[in-house]
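Let's take a walk through this structure together, from the way its chains are arranged down to individual side chains. Please keep the view open as you read.

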2 protein chains.
Amino acid sequence: MWADQSEVIPEVVILRLPLYARTLAVLAYEGRELVSSQELGERLHVTPAQIRKDLSYFGRFGKQGRGYNVRRLLQELRQILGLDREWVMALIGVGRLGRAILGYSGFAPEGFRVSAAFDLDAGEVGKRIGPLVVQHVNELAEAVQRLGIRIGIVAVPASAAQRVVDILVNAGVRAILNYAPADLRVPSDVLVREIDPVTALQSLTYYLKLQPTEQLVPLQMLSAPGLFRTEP
Amino acid sequence: MWADQSEVIPEVVILRLPLYARTLAVLAYEGRELVSSQELGERLHVTPAQIRKDLSYFGRFGKQGRGYNVRRLLQELRQILGLDREWVMALIGVGRLGRAILGYSGFAPEGFRVSAAFDLDAGEVGKRIGPLVVQHVNELAEAVQRLGIRIGIVAVPASAAQRVVDILVNAGVRAILNYAPADLRVPSDVLVREIDPVTALQSLTYYLKLQPTEQLVPLQMLSAPGLFRTEP
DNA sequence: TTCTGTGAACGGATTCACAGCA
DNA sequence: TGCTGTGAATCCGTTCACAGAA
């Protein structure tokens with residue numbers, strides 16, 4: 001386990017690093033200088049051993065007996081994840097969802113910038129949305145080169161998603177954030193992350209269905225023993 | 001492995017079932033009568049063995065030598081997941097993100113209904129958004145009981161998310177869809193699903209950073225050898 | 001013959017437990 | 001003494017491989 005990252009690092013580890021970074025940012029904001037893997041783990045619902053093991057793939061950032069320097073570790077993680085620069089993205093699909101994404105204020109502070117907006121429908125082309133003018137997807141490849149777009153955000157209906165993804169891949173984009181509820185086919189060197197609230201809900205309901213209705217009783221009632229009895 | 005679900009089913013399995021259901025719905029729409037685990041797996045980027053194993057937790061839905069009846073299996077999965085009914089949800093936070101969620105048309109067709117909207121800010125209370133009138137979170141517990149709300153959607157800033165979650169949990173809500181980039185503390189019987197595009201992007205960049213820039217060259221160019229040379 | 005259902009084998013991620021350093 | 005870093009042990013999900021049904 002050395003910092004040269006010569007061996008392949010499990011993807012689950014990479015998926016956790018942004019969460020570590022987020023919590024470290026909060027701790028830094030709170031003015032904390034040191035954290036132990038113990039405390040970081042408690043905040044994140046992750047075991048201390050897991051955090052230490054994850055970090056050990058990339059180097060030795062802690063001090064025995066003291067813990068990790070919050071600022072230092074945050075800095076290291078940001079560099080490992082490539083968050084120490086700006087990433088240029090393109091949005092495809094300027095319907096209701098697409099417009100909401102363009103209006104989302106959470107990307108910019110983290111260095112993600114939507115620099116161009118496209119649509120399949122010529123009827124949308126030319127419209128202004130904030131600082132952007134909607135372009136036709138035909139113009140995407142050229143824009144990718146000119147603007148240095150590395151990430152595509154897919155916000156078209158599921159039925160059009162594959163078509164849009166093919167266009168992105170052909171334009172050289174290798175990372176896609178997909179809001180369409182569709183199974184996309186991409187080459188093995190293209191990465192896709194799904195944002196799909198409906199699918200997320202559909203697994204929640206499995207567990208809700210198992211819960212007896214009595215558990216719906218609010219905690220206030222349960223904490224007033226004698227007034228309400230839910231079990232003999 | 002029997003249909004009585006007496007043993008605990010791995011959560012990853014439950015997370016895959018909605019994806020199976022989604023693809024089966026497409027197949028049903030296409031008029032397909034049967035699918036093999038092979039074909040379903042190809043569509044979903046999942047191995048056939050995995051699909052068969054996953055389904056075997058719940059029963060024996062296939063016919064040897066033929067495959068699965070598309071309509072039948074879809075029906076079974078919808079019942080297993082509890083999708084054969086309507087689920088009532090509450091939205092908390094009616095800022096830009098919250099309003100976008102209220103306007104999202106993807107929930108209703110799948111049986112998820114946002115029946116009430118709340119905000120922490122009294123200044124928002126009373127405003128109409130579509131068919132809903134914004135209420136103060138103080139009124140949440142009562143609404144949960146009256147409307148049968150089982151799921152809470154958190155769309156407030158990260159700094160207010162924990163407060164909102166506590167209110168939901170106290171009101172008896174046991175399932176939360178969290179759009180706030182925050183690590184929430186909930187009792188062990190409360191389920192949370194995160195919707196966090198920024199965190200998703202932050203793991204993508206790790207892999208993008210590793211890619212040599214030459215890979216940015218579009219496929220069209222690579223397929224015209226001689227015209228473009230990117231490396232000596 | 002084809003494809004399901006499923007124990008058994010496998011592999012990889014998580015957790016353990018402790019050596020080692022501050 | 002406190003907490004990291006990390007091989008070893010463990011756990012658990014995935015894949016294998018085949019018996020069995022249509």
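What follows goes from the symmetry to the helix contacts and then to the salt bridges. Bear in mind that this is a predicted model.

A good place to begin is the relation between the chains. Two copies of a chain are related by a rotation about an axis and a shift along it. Here, a turn of 180 degrees with a shift of 0.0 Å along the axis lays chain B on chain A, and the RMSD is 0.1 Å. That is the relation of a two-fold axis. The two copies use the same surface, since 100% of the contact residues of chain B recur in chain A. If you would like to find the axis on screen, look for Ala100(B): of the residues of chain B, its C-alpha comes closest to the rotation axis, at 3.0 Å.

Now to a place where helices from both chains meet. Helix H8 of chain A (residues 197-210) and helix H4 of chain B (residues 70-81) have axes that come within 7 Å and cross at roughly 60 degrees. H8(A) is therefore oblique to H4(B). On the H8(A) side you will find Gln202(A), Thr205(A), Tyr206(A) and Lys209(A), which meet Gln79(B), Ile80(B) and Leu81(B) of H4(B). Sorted by class, this contact has three nonpolar residues, three polar ones and one charged one.

Compare that with a helix pair inside chain B. The axes of helix H1 (residues 11-29) and helix H2 (residues 37-44) of chain B come within 10 Å, crossing at roughly 105 degrees. This makes H1(B) roughly perpendicular to H2(B). From H1(B), the contact draws on Leu19(B), Tyr20(B), Thr23(B), Leu24(B), Val26(B) and Leu27(B), while H2(B) brings Glu39(B), Leu40(B), Arg43(B) and Leu44(B). Seven of the residues in this contact are nonpolar, one is polar and two are charged.

Charged pairs are the next stop. Side chains of opposite charge can pair when their charged atoms come close. Over all chains, the structure holds 26 salt bridges. One of them joins Lys127(A) to Glu124(A), at 3.3 Å from N to O. Lys127(A) is partly exposed, at 39% relative accessible area, whereas Glu124(A) is buried, at 18%. In chain B, Arg85(B) forms a salt bridge with Asp84(B), and their closest N and O atoms are 3.5 Å apart. Arg85(B) is partly exposed at 37%, and Asp84(B) is partly exposed at 40%.

What does the salt bridge between Asp189(B) and Arg174(B) tie together? The N to O distance in this pair is 3.2 Å. Asp189(B) sits in the loop between strands S10 (175-178) and S11 (191-194) of chain B, and Arg174(B) in the loop between helix H7 (158-170) and S10, so the pair ties together parts that are 15 residues apart in sequence. Asp189(B) is partly exposed, with 32% relative accessibility, but Arg174(B) is buried, with 5%.

Two last sites bring both chains together again. Arg22(A), Asp183(B) and Asp196(B) are linked in a network of salt bridges. Gln211(B), for its part, lies in the loop between helix H8 (197-210) and helix H9 (219-222) of chain B. Its relative accessibility is 16%, so Gln211(B) counts as buried. Setting aside neighbours within four places in sequence, Gln211(B) is in contact with Arg150(A), Arg174(A) and Asp189(A).

Definitions and conventions:
Residues numbered from 1 in each chain as written. Chains lettered and ligands numbered in written order. Predicted model: local features only at pLDDT ≥ 70, side-chain atom pairs only at ≥ 80, totals over all residues. Heavy atoms only, no water. Axes fitted to C-alpha atoms, helices over the stretch in contact; angles between N-to-C directions. Helix = DSSP H or I, 4+ residues; strand = E, 2+ residues; numbered from the N terminus. Parallel < 35°, antiparallel > 145°, perpendicular 65-115°, else oblique. Contact = heavy atoms within 4.5 Å. Nonpolar A, V, L, I, M, F, W, Y, C, P; charged D, E, K, R; others polar. Least-squares fit on C-alpha atoms with pLDDT ≥ 70 in both. Salt bridge = Lys/Arg side-chain N within 4 Å of Asp/Glu carboxyl O. Buried < 20%, exposed > 50% of the residue type's maximum accessible area, 1.4 Å probe, protein only.
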